[in-house]
Amino acid sequence: MAAPGPQRYASGGRKLGVDPTTLDHALAAMARLRATDARITPVLTLRHFAALTDLPYGFLRGAVGRQSYPPYRFVYLKKRIPGRTGLRMISIPPKSLMKAQRWLVEHVLRFTEAHPASYAFHPDSSPVQAAEQHPNTRWLLKVDIEDFFHSVREREVAAIFTRIGFQKLLAFEFARLCTIAVDRGPGANPAARTEPIAVYASGFEGMLPQGAPTSPMLANLAMARTDATLAALAAERGFRYSRYADDLAFSSTADRTLVEMRALQREVCRILNEATFRPNQRKTVIRGPGSRRIVLGLLVDGPTPRLSQAFRDNLRLHLHYLGDPAFGPAKHALTRKTGMSSLYHHVRGLIGWAQQVEPAYGHRLLEAFEAVDWPPVQPRQIEGSGVAGDPFT
């Protein structure tokens, strides 16, 4: 259901006998949203949102109140940037909540803008573009944000929707719909206990779930002011700055000292901590001449990003065994203790990454891959996961 324009809304309201003051408030709310971006669909109340999404008002009100509704489902995926290890927890919303979140993405969030230093979670963004910001790097500082999505709290999400132009109560309700509740114990969320609507009171503090379609864009918007501060710091000290999701990179083509780099690291960590983002000290590194300077798995010590030799060797080994008549896909999958479908998608994903970074080299790999005698392979998909945007996150 499309929202009417302000003129049609005003005319219809007057014909229905809507109180003029109420109508004026509604038109003012619509004007605030259109001032942000005329393409944003105005929403005035939670009941209005229910009509626009064709979702039951009672369900939405209950979800905002953190009352019982189908729980999130949790799956664990391997990180998909080559060279990364470990598991990533994906929180998949129930279908009705997913529908509400997707509506917000389609009709609101996709018309917002991240800071220019951000290279993830918006159209046409990619890890390669982030690495391209650091050519001929001599000194590199990399900082990782721990639990990036979970660092963005319910109150910050509400503030984002308020800045977009929604009324405060509705911004709070949207924040509840976009966050997952975490029990922080008695007294952990005092603001929740003073909500003017009793049914909304909750002892749970919401945070962005990784897996909700709204989370990537909301995380970018939550980082926007911090990105601006970090970009200004980098410019002041003669560095380039980029962020890809939770990966921050500061690089310089000039000669630097370790003392300078450590001073920059301390200042970056201070800014992040003040913004409630926790730097992962284990993954925060400084790289200088004589060491590999890598951003998002790509070498950035030359004029353009390059694949690492370890990545190339790994792919060459895969293609050797896959194409060997005495070995082939079945035996290669068996030795790696995986299924042929998983192996197919794994190797094809690596080749896709190579095509993004070094197209000619990637094309040669793809030709060799397609020459392999593969059995029929089913496409791999996680239905309803709601993981939006870039496949390399």
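Select Thr276 to start, in the loop that runs between helix H10 (258-274) and strand E8 (278-279). In this predicted model, the residue has a positive phi of about 70° although it is not a glycine. That sign deserves a second look, because most residues other than glycine have a negative phi. Colouring by accessibility shows Thr276 as partly exposed, at a relative accessible area of 42%.

Go next to Asp147, which sits in the loop between strand E3 (139-146) and helix H7 (154-164). Asp147 also has a positive phi without being a glycine, here of about 50°. Its relative accessible area is 42%, so Asp147 is classed as partly exposed.

Now zoom out to the whole protein. In a cartoon representation there are 14 helices and 12 strands to find, and of the 393 residues in the protein, 48% are buried. If contacts are restricted to residues at least 6 apart in sequence, 70% of them join residues at least 24 apart. Switching to a surface representation, the protein exposes about 19500 Å², of which carbon and sulfur atoms supply 53%.

While the surface is displayed, select Phe74, Tyr76 and Leu87, which form a nonpolar patch there with about 360 Å² of accessible area together. Tyr76 belongs to strand E1 (residues 73-78), and its relative accessible area of 53% makes it exposed, because the cut-off for that class is over 50%.

Hide the surface and turn to the interior. In soluble globular proteins, nonpolar side chains tend to be buried together. The largest nonpolar core here has 98 residues, and the members that touch the most other members are Phe49, Phe161, Phe166 and Phe250. Helix H9 (residues 215-236) contributes the largest share of this core, with 8 residues.

Centre the view on Phe49 and display its surroundings. Which residues is Phe49 in contact with, leaving aside its neighbours within four places in sequence? The list to select is Val43, Leu60, Ala100, Trp103, Leu104, Phe174 and Leu177.

Two cysteines can be picked out next. Cys178 is buried, with a relative accessible area of 0%, and Cys269 is buried as well, with a relative accessible area of 8%. A disulfide is a covalent bond between the sulfur atoms of two cysteines, and the structure holds 0 disulfides.

The next stops concern charged side chains. Side chains of opposite charge can pair when their charged atoms come close, and the structure holds 14 salt bridges. Begin with Arg39 and Asp37, whose side chains meet in a salt bridge at 2.8 Å, N to O. The two partners differ in their surroundings: Arg39 counts as exposed, at 54% relative accessibility, whereas Asp37 counts as buried, at 15% relative accessibility.

Then select Glu154 and Arg66, a salt bridge in which the closest N and O atoms are 3.0 Å apart. Glu154 lies in helix H7 and Arg66 in the loop between helix H4 (57-64) and E1, so the pair ties together parts that are 88 residues apart in sequence. Are these two residues buried or exposed? Both Glu154 and Arg66 are buried.

Move on to the salt bridge of Glu205 with Arg153, where the closest N and O atoms are 4.0 Å apart. This pair links distant parts of the chain, with Glu205 in strand E5 (residues 204-207) and Arg153 in the loop between E3 and H7, 52 residues apart. Glu205 is buried, as is Arg153. To see how salt bridges can share partners, select Arg66, Glu154 and Arg176 together, since salt bridges with shared partners join these residues into one network.

The last stop is Tyr244, found in strand E6 (residues 240-244). Tyr244 counts as buried, at 1% relative accessibility. Add Pro127 to the selection and draw a distance between the C-alpha atoms: Tyr244 and Pro127 are 6.7 Å apart in space, C-alpha to C-alpha, while in sequence they are 117 residues apart.

Key:
Residues numbered from 1 in each chain as written. Predicted model: local features only at pLDDT ≥ 70, side-chain atom pairs only at ≥ 80, totals over all residues. Heavy atoms only, no water. Patch = residues over 30% accessible without salt bridge, like charges linked within 9 Å, V, L, I, M, F, W, Y side chains within 5 Å. Areas by Shrake-Rupley, 256 points an atom, 1.4 Å probe, with all protein chains shown as cover. Helix = DSSP H or I, 4+ residues; strand = E, 2+ residues; numbered from the N terminus. Buried < 20%, exposed > 50% of the residue type's maximum accessible area, 1.4 Å probe, protein only. Core = buried A, V, L, I, M, F, W, Y, C linked by side-chain atoms within 4.5 Å. Contact = heavy atoms within 4.5 Å. Disulfide = S-S within 2.5 Å.
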